[in-house]
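Here is a quick tour for someone meeting this structure for the first time. Have the sequence and the 3D view open as you read.

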Amino acid sequence: MSMHYVSEAPFDAHSVEQLTPEQEKLYLASQWRLMWLKLKQHRLAVGSSVVLIIIYLLALFCEFLSPYNLHTRHTDYIYAPPQRVHVFHEGEFVGPFVYGYRYQLNMENLKREYTPDTQNIQKLRFFCRGDGYRFWGLFETDVHFVCPASDGYLFLFGTDRLGRDMYSRILHGAKISLTIGLVGIALSFILGIVIGGVAGYYGGVVDNVIQRLIEILRSFPELPLWMALSATLPVTWSPILVFFGITLILALLDWTGLARAVRSKLLSLREEDYCTAAQLMGARPRRIIGRHLLPGFMSHLIASASLSIPGMILGETALSFLGLGLRPPITSWGVLLNEAQNINVVALYPWLMLPVVPVIIVILAFNFLGDGLRDAADPYK
Amino acid sequence: MAGYILKRLFFMIPTLFVISVLVFVIIQLPPGDYLETYIAELESQGESVDPDRVNFLRAEYGLDKPIYEQYFVWASGMLVGDYGYSFEYGLPVNEVIGDRLFLTIIISVVTIIFTWAIAFPIGIYSATHQYSWGDYGLSFIGFIGLATPNFLLALVMLYLANVYFGTSIGGLMDPAYIDQPWRIDKFLSVLEHLWIPVVVIGTSGTAGMIRRLRANLLDELQKQYVVTARAKGLQEKKLVRKYPLRMSMNFFIADIGSLLPSVISGAEITAIVLSLPTTGPMMLNALQSQDMYLAGSFLMFLAMLTVIGVMLSDILLAMLDPRIRLQGGATK
């Protein structure tokens, strides 16, 4: 007789079916939590969202972070190239500083030539007083994160044809360029959900009419339609009104894709049992759509919305480039790029094209984030 | 099938009617008309304008008639192929557009072929080598192409071509060949200039196409029939080409709707930067100067091509994809 090991513990018939705490957490997680867990694994999307948050913060504090105001001119330094920040001068530690410029007009091609003057050391100052501004429209201040030496200057990205600092202008431009996408998408989101929701829920004639309307809107070439609509904005409007007008135009042409997605989802979801149950209990269409149907694919909608923000930012850039978009003094990246229109700029003053760098970064980041959100929102993957 | 086509054709009529009304409203939306712009321009140059002449012109072009009557004249003219009269060029719209249409179509067709030639192999590679370095690298380049504003890319390419290859700036041929009869060296000059717009316009389209082809192919590659074919010992290359690739091609056909109008409109902004003699800049210019018949005909023409393109792609899809059924309809 050999000895057998016998467990003392009482026998539990359900032990196989029991979940570990981790599994339980996953199975009981809400839809949003699941999405978040999945999104966290998408490194590119997480990285992109960090980049976006940083850029939005930069835009939020642009007055503080930029050395000059949007319209500060330096008439002695027109088309000055970017200055490099040095730390060592002739092997000696000085701290961050820039060399001053020696200016000379080339009489042959009338090009302004700036050469760094290595004797002229201009130490940067931090948390210093410079151009005054109203911080968030709340209080007057003149504190900046970084300023040039007291009688020096600081052009990290060079200056434009009026001697305005490009670095400050790009930072200020971020405010407009970044909000136009968000405001536009919010408008088109509302339009898309309401119109698509009505079409998908009621079906029949309503659906047919809305479908035709969407078809017609989509059959117009985008750019000419933008142009025609932005040409209708009265010249007398203030630049800020024009800004909202342009946003509205971008949104008015963007909602169709979203409305189609909402409609097709609703068409299939409204046949589900839980929807019938809600109807039988006397819920009104508005409640059924808003409370029972929309949450089912809200995550999807948000993902597709974040994918269409880049289109809006590029659209604004294109319109402003054509001179039909925003007007100065409102400054966006598109308005800045408007100055980089001709081949001379590329050849002589390439730093005027710098606003394209943040455009590319923001568009890439929104694309990656949208891709990650879309993957995370898909429950079947 | 014939019934379906007839039905679609019939539904096109009200759609086109509404589009034509909308187009007319859009070209009337900006305040004033072409004559007012024209008069303002003359006056700003210090020239006096004879009111009699203005009234004569207004009557001549029918601008004094009520709006709905103007619409009727324009729309009924369209039906018989008369697209109206361009104020700015002083020519019938047909003749103004005709000159430029040829070059526009050349550029667009070459661009489309370029896009496909690049997007196809890359898309297939990215899907079959998912998450490899090649996939990441190529996707990233594609994304950059998508994110860079076309006009800036055009400027930089123009500059580089000028510095490194000595290509003359802008246009579609060396200035010496403009208005010359077609000869072999003129053709070569066109070829020398053609690649810039083709690459610039192509990059943005390529990126989108790569992503969609990759996504569609990836969906198909996971299906069971692929596993079956693989289990039966079919060669990987043949397998991909024979089944999943074909299935993932549907979106190419679905694209015809947007492809047709883009052949004619020819990437307007890039064309402006490169000063190409295509239809795009002309249309934008017409919209801005309120040359209403020229702009209206352009818009109408483009919208019509989209409607026809969408119909064509629907019919082709129904013929090529056996899963799409036209009769019956789903219950849900």
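Start with Leu299(B): leaving aside residues up to four places away in sequence, Leu299(B) touches Phe220(A) and Pro224(A) from chain A, plus Val23(B) and Ile26(B) from chain B. Keep in mind that this is a predicted model. Leu299(B) also turns up in the largest nonpolar core, which has 153 residues. Along with Ala154(B), Ala295(B) and Ala303(B), Leu299(B) is one of the residues with the most contacts inside that core. As a rule, nonpolar side chains in soluble globular proteins tend to be buried together.

Now for the two chains. Where they meet, 30 residues of chain A are in contact with 34 residues of chain B. On the chain A side, helices H6 (204-218), H7 (222-231), H12 (298-321), H14 (343-348) and H15 (356-377) each give two or more residues. The top contributor is H15(A), with six residues.

Chain A also has a pair of packed helices to look at. Helix H5 (residues 166-202) and helix H9 (residues 255-269) of chain A have axes 7 Å apart and pack at an angle of about 35°, and their crossing is right-handed. Among the residues making this contact are Phe189(A), Leu191(A) and Gly196(A) of H5(A), and Trp255(A), Leu258(A) and Arg263(A) of H9(A).

Here is how both contacts break down by class:

| Contact | Nonpolar | Polar | Charged |
|---|---|---|---|
| Side of chain A that touches chain B | 22 residues | five residues | three residues |
| H5(A) with H9(A) | 13 residues | five residues | three residues |

Next, the sheet. Three strands of chain A form an open sheet, ordered E1-E2-E3, with antiparallel pairing. Strand E1 (86-89) and strand E3 (111-123) of chain A each have a single partner strand, so they stand at the edges with one side left without a neighbour in the sheet. On average, neighbouring strands here are turned by 55° against each other, ignoring direction. Strand E2 (residues 92-106) of chain A is joined to E3(A) by ten bridges. To find a facing pair, look at Val98(A), which stands opposite Gln122(A) in E3(A).

Last stop: is Gln224(B) buried or exposed? Gln224(B) counts as exposed, because it has just 7 C-beta neighbours inside 10 Å, and a residue is exposed at 12 or fewer. Gln224(B) sits in helix H9 (residues 224-231) of chain B. From Gln224(B) to Asp174(B) is 50 residues in sequence and 57 Å in space, C-alpha to C-alpha.

How values were computed:
Residues numbered from 1 in each chain as written. Chains lettered and ligands numbered in written order. Predicted model: local features only at pLDDT ≥ 70, side-chain atom pairs only at ≥ 80, totals over all residues. Core = buried A, V, L, I, M, F, W, Y, C linked by C-beta atoms within 7 Å. Buried ≥ 20, exposed ≤ 12 C-beta atoms within 10 Å, placed from the backbone. Contact = placed C-beta atoms within 7 Å. Helix = DSSP H or I, 4+ residues; strand = E, 2+ residues; numbered from the N terminus. Nonpolar A, V, L, I, M, F, W, Y, C, P; charged D, E, K, R; others polar. Pairing = 2+ DSSP bridges. Axes fitted to C-alpha atoms, helices over the stretch in contact; angles between N-to-C directions. Left-handed = near helix turned anticlockwise from the far one by under 90°.
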